[in-house]
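Please walk me through this structure in questions and answers. Short sentences will do.

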Amino acid sequence: MTTRQHTTIHRSDYTPYDFLVDSIRLRFELGEETTLVTSRLELRAKGEQAVPLVLDGHRFKLRSIAIDDGLLGSGDYQVTEETVTIPQVPSRFTLETVTELKPQDNTFLEGLYRSAGMFCTQCEAEGFRSITPYPDHPDVLSVFTTTIVADRERYPVLLSNGNLVDAGQLPDGRHFATWHDPFPKPSYLFALVAGDLVRLKERFTTCSGREVSLELYLQEANRHKGEHALHSLAKAMRWDEQVFGREYDLDSYMIVAADDFNMGAMENKGLNIFNSRYVLATPESATDEDFHAIEEVIGHEYFHNWSGNRVTCRDWFQLSLKEGLTVFRDQEFSADMQSRGVKRINDVRYLRTTQFPEDGGPMAHPVRPDSYIEINNFYTHTVYSKGAEVIRMLRILLGEKCFRQGLDLYFERHDGQAVTIEDFVRAMADAGQRDLEQFTRWYSQAGTPQLTISSGYEPSTGTFTLTVRQSCPPTPGQPDKLPFHLPLVMGLLDRATGQELPVTLEGEEPPGPGSRLLELNEQEQVFRFTGLQEEPLPALLRGFSAPVKLDYPYRHDDLVLLAGHERDPFCRWEAGQRLAGEIILDLAGAWQAGQALELDEAFIEAYRLTLTSDESDRAFLAEALTLPSEKYLAELMPVADPDAIHGARQFVVRTLASRLREDFLLVRERCRRAEPYAVEDGRAGERRLANLCLAYLMSLAEQPLIELCRDQYYGSDNMTDSIGALTPLVSCDCPERREILSTFYDCWQHDRNVIDKWFTLQAMSHLPDTVEEVCRLLEHPAFELANPNRFRSLVASFSQNQVRFHAADGSGYRLLTDQLIRLIPINPQVSARLLAPLTTWRRYDSTRQELMRAELQRIQALENLPRDVFEVVDKSLREN
Ligand code: TRP
Ligand code: ZN
């Protein structure tokens, strides 16, 4: 049992730093055994009173420390586990420190480390302090000049932030490069790379006519895989100019791909470092989905240059200031590059299956948290995705034009500053001339609000009434909630024709048919709509205008009407999802009761109509034909029953497949093309639909269908269709499964990102022996514990396999825990994130609850638990 106490950091304890850092000069001497870092800070006390200088610092060996070039003796400063303190300093001075690092042994992948023979850094949130002693807080901005010295042969490429100002040869086969970043920045945006890399280049002319060199650095073997990323960057830059009026500010923009990376990518000023999975892609090795994800992440990191770098956060509690806003911006970018409706559907699906469970679980926290133990644990779906929803609501409430003015005002007012969420909201309120006081509750109250809506119709007056009640469940530390200010966008449909009707609030002029924005700000509100000859059908929460759960008593035929006629793509999709969800949950109930399952004929007919409809957006159609996921269905059950959900859902899949066999075959055939694959050939939707049809058909496990699948695999010229064939095959117990899995491995063993897919496919299999299969794969020579992508591809993917992870005997829970126990000492940050599936124990039956808690307790009992892991385990085992 660990006795070490970890301190909690509170938002209310914020104090500005006592010193200004006018400049920092860094010199890195990179070596195979030891690396030396010399840092020279120009420091100035802010106040008159003498105060001690407190620097953050850990995990390095401090070689020397000097003030104004006079070495300090060991009595002149104090070193603790987390800080270096000098009690007495002048009011203005130069501080020079020398630290010794061993990047080759750094498995935390935080600070300076090595990945595939290259040196690289990851400083957000608090990695810089493991390189050199420094005030490692986002509100300490300084001008960085960085010199890198390294062996010329091994590390021909030396990069840091900003502009290259000097370079040259040194004795002993070494060389150096000096970089200067003119923009003052916090330490979390510092970056350094040294390696043997090739460069891809593109030129970009900004809207004001400045020339920027876009550069992508890769291993030689990956040279042919960077084109899409580089192209996406140019698109993102143009888009940000056109849509948000934001121009790039340095002469070059560099991106480096790293195989070992804790997260997706990092927006370091002028030198982004990316997880290689969000850079490398060719049609043969990456799916349509991968291409989209790359475009999105490239966009995300680029957009940070304004929302994050030019205007940054005062402290880490303000993280959503940059992340929520930047996710909103990347979502809009992707929506403009692809199909807006489909993008919205995917974003909502993601929010509901990741953020909603977080908001309902033991780690629930507001978009702006009040406290944390380890900041790395707060890079959450709430801060990112719910944060983006909050920005989206602001746009709806203010209107497009005022929203844009508010953003312009924010960037103009705060350029070069480290600010707070209040500053952001103030800019919005000023531009929109609106009182946003109540709206800020979205930043302070955790939990997913619920809207309970009922309606009534009075034929005599032609009045339709909506009664809207809002509530929000208690979350840890927040038993009672106040009402939110939120936009409910809605419309009214004619029940006979599905036509859109005018939405006229009592006492208003008829505005003509269309969407209407209702602003909610009280616990209960009544809206009366007049001039309606018949009872209308309300289309509620168009575009998913607020991140809430909606309860309105739709009948099944209402949902069929909405699914067929509603013009808002989200609401149209949602109606179908809700219908399918209710049907599957009823069947799950029957499954639990041991009754025979039977699928509603009207549902089969509605599904057939959708399947064979002439909807031209094939990607939308594929979304509409995809049943709600097991994870989402579990969210809808009072006590989640993974076996019942899987049984019922698979029954629906198989029944649809056997009843609509010919239709699935036909639609698939129509979507398939003879022409070779091309990236962004406009046919990603067709491929999705074709592969969805194949997946349905494969649930029947009939030999001719297996042959079809096999033919698709061997005939495919692209990864989308290869994975489209392999995914259903992996859940089918047949000889072709082994054969193709092993062909796939042999064919791709040289490509890490593809081998990750190979592990994931098997971890996600529905077959009953998946736990054993995953255990075998843990012994596979290609499995690597210390590589986060590889670990995630097998272990984290398995924990997303609802039916097998939640095996009633606890074998899935044990597997995850055993592997996390191995990973914790190697990489605490990734370990803590991957604990999440165990923290949802309260959602399950008492047997599973016991099993899951026992595993958490097993982790809690480890010696020297790192604070990342401690925080998650401790919070999820608490009684409240
Ligand atoms: N700022 C990064 C982003 O959202 C996130 C990130 C990358 C990160 N690496 C990290 C956060 C390591 C914490 C730790 O774009
Ligand atoms: Zn980000």
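The turns below cover cores, rings, charges and strands.

This is a predicted model, in which local features need pLDDT of at least 70, side-chain atom pairs count only at pLDDT 80 or more, and totals for chains, interfaces and linings use all residues. Residues are numbered from 1 along each chain as its sequence is written, chains are lettered from A and ligands numbered from 1 in the order in which they are written, and side-chain values use heavy atoms, with hydrogens and water left out.

Q: Which helix gives the most residues to the largest nonpolar core?
A: A nonpolar core is a set of buried Ala, Val, Leu, Ile, Met, Phe, Trp, Tyr and Cys residues joined through side-chain atoms within 4.5 Å. Buried means under 20% relative accessible area, exposed over 50%, partly exposed in between (1.4 Å probe, protein chains only). The largest core has 209 residues, and Phe424, Phe529, Phe603 and Leu656 touch the most other members. With 10 residues, the top giver is helix α10 (residues 569-592; helices, H or I, of at least four residues and strands, E, of at least two are DSSP runs numbered from the N terminus).

Q: How many residues are in the other core, which lies apart from the largest one?
A: Its members include Tyr17, Ile86, Tyr188 and Ala258. The count for this core is 69 residues.

Q: Which residues does Phe424 touch, not counting those up to four places away in sequence?
A: Contact means heavy atoms within 4.5 Å. By that rule, Phe424 touches Leu321, Leu325, Ile391, Leu394, Leu407, Tyr410 and Tyr443.

Q: How many aromatic pairs are there?
A: Rings of Phe, Tyr and Trp (its six-membered ring) pair if their centres lie within 6.5 Å. Planes under 30 degrees apart count as stacked, over 60 as edge-to-face and the rest as tilted. The count by this rule is 41.

Q: How many residues apart in sequence are the parts that Tyr188 and Trp316 tie together?
A: These two rings form an edge-to-face pair, 4.9 Å centre to centre with 70° between the planes. Tyr188 lies in the loop between β15 (174-185) and β16 (192-195), and Trp316 in the loop between β22 (312-313) and α3 (319-337). Both residues are buried. The pair therefore ties together parts whose separation in sequence is 128 residues.

Q: Is the pair of Tyr248 and Tyr302 stacked or tilted?
A: Both Tyr248 and Tyr302 are buried. Tyr248 lies in the loop between α1 (227-244) and β19 (252-258) and Tyr302 in helix α2 (residues 288-303), so the pair ties together parts 54 residues apart in sequence. The ring centres are 6.1 Å apart and the planes stand at 50°, so the pair is tilted.

Q: Which residues form one aromatic cluster with Tyr248 and Tyr302?
A: The cluster holds Tyr248 and Tyr302. Its other members are Trp239, Phe244, Tyr253, Phe303 and Phe333.

Q: Which charged residue sits over the ring of Phe244?
A: A charge sits over a ring if NZ of Lys or CZ of Arg is within 6 Å of the ring centre and within 35 degrees of the ring normal. Over the ring of Phe183 sits the charged end of Lys269, 4.3 Å from the centre. Over Phe244, at 5.1 Å from the ring centre, sits the charged end of Arg329.

Q: Which residue takes a positive phi in the hairpin of β25 and β26?
A: Two strands pair if DSSP finds at least two bridges between them. Strands β25 (residues 450-458) and β26 (residues 463-471) pair in the antiparallel sense over 9 bridges. The hairpin has 4 residues between the strands. The residue with a positive phi, near 65°, is Gly462.

Q: Which residue in β32 stands opposite Thr452?
A: Strand β25 also runs parallel to β32 (residues 549-551), joined by 3 bridges. Opposite Thr452 stands Asp551.

Q: Which strands stand at the edges of the open sheet β10-β11-β16-β13?
A: This sheet has 4 strands with antiparallel pairing. Neighbouring strands are turned by 20° against each other on average, direction ignored. Each edge strand has a single partner, so one side is left without a neighbour in the sheet; the edges are β10 (111-115) and β13 (157-160).

Q: Which residue of β12 stands opposite Phe28?
A: Strand β2 (residues 19-29) pairs antiparallel with β3 (residues 35-45) over 10 bridges. Parallel to β2 runs β12 (residues 142-151), joined by 7 bridges. There, the residue opposite Phe28 is Ile148.

Definitions and conventions. Axes are lines fitted to C-alpha atoms, for helices over the stretch in contact, and angles run from 0 to 180 degrees between N-to-C directions.
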